[in-house]
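Hi,

Here is the structure I said I would pass on. Have a look at it first, and then read on for what turned up.

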Amino acid sequence: CITEVVRYSFYALGAANRPNKLLTFLRYTLFIVLYPAGVLGELGCLYGCRPAMAVAPPAAEPALVRGFLRPVLGRSWGYWVAMVPAYAAGLAGLYSYMLAQRKRALGGDKKKEKRD
């Protein structure tokens, strides 16, 4: 919710040609804390739903659920082997992308001009 308020306020002011330095800073800084917190929350929810997933009726479930998710993630080791590395890889990609966007948007690491 926090990120959406900041993001869409940032977009709205940008569309109105009224950029705001605080919103720009927040837009490209809040993710540093919120991305990892979101991933941990999602992993916690997935871990918490394992018992329900193990006993849910298999009617009309896709082959991916029937063949992989139910048998593998229904076990404690399967959750850690399958989901945590997938989330870690996704987080690393998104995080590095946002760090690059932050550097570009906030003007970090500018080359200093040489004085002759």
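By class, how many nonpolar, polar and charged residues does the lining of the largest pocket have? The count is seven nonpolar, one polar and three charged. Before you go further, bear in mind that this is a predicted model.

If you want to find the pocket on your screen, select Thr3, Glu4, Val6, Arg7, Leu26, Arg27, Leu30, Phe31, Leu34, Tyr35 and Met98, which line it. The space inside comes to about 200 Å³. Three helices, α1 (2-15), α2 (21-27) and α3 (31-48), each put at least two residues into that lining. Of the contributors, α1 gives the most, with four residues.

As for the overall fold, the protein has six helices and zero strands, so to speak plainly, the pattern along the sequence reads α-α-α-α-α-α. There are 116 residues in the protein, and 17% of them are buried.

The other thing to look at is on the surface. Leu22, Phe25 and Leu106 make up a nonpolar patch there, and together they have about 270 Å² of accessible area. Leu22 is part of helix α2, the helix that also supplies at least two residues to the pocket lining. Is Leu22 buried or exposed? Leu22 counts as exposed because its relative accessibility is 55%, and the cut-off for exposed is over 50%.

Shout if anything is unclear.

Cheers

Methods:
Residues numbered from 1 in each chain as written. Predicted model: local features only at pLDDT ≥ 70, side-chain atom pairs only at ≥ 80, totals over all residues. Heavy atoms only, no water. 1 Å grid on protein atoms, 1.4 Å probe; cavity = no way out; pocket = protein on both sides within 12 Å on 5 of 7 lines; lining within 4 Å. Points joined across faces, edges and corners; volume = space filled by probe spheres on them. Nonpolar A, V, L, I, M, F, W, Y, C, P; charged D, E, K, R; others polar. Patch = residues over 30% accessible without salt bridge, like charges linked within 9 Å, V, L, I, M, F, W, Y side chains within 5 Å. Areas by Shrake-Rupley, 256 points an atom, 1.4 Å probe, with all protein chains shown as cover. Salt bridge = Lys/Arg side-chain N within 4 Å of Asp/Glu carboxyl O. Buried < 20%, exposed > 50% of the residue type's maximum accessible area, 1.4 Å probe, protein only.
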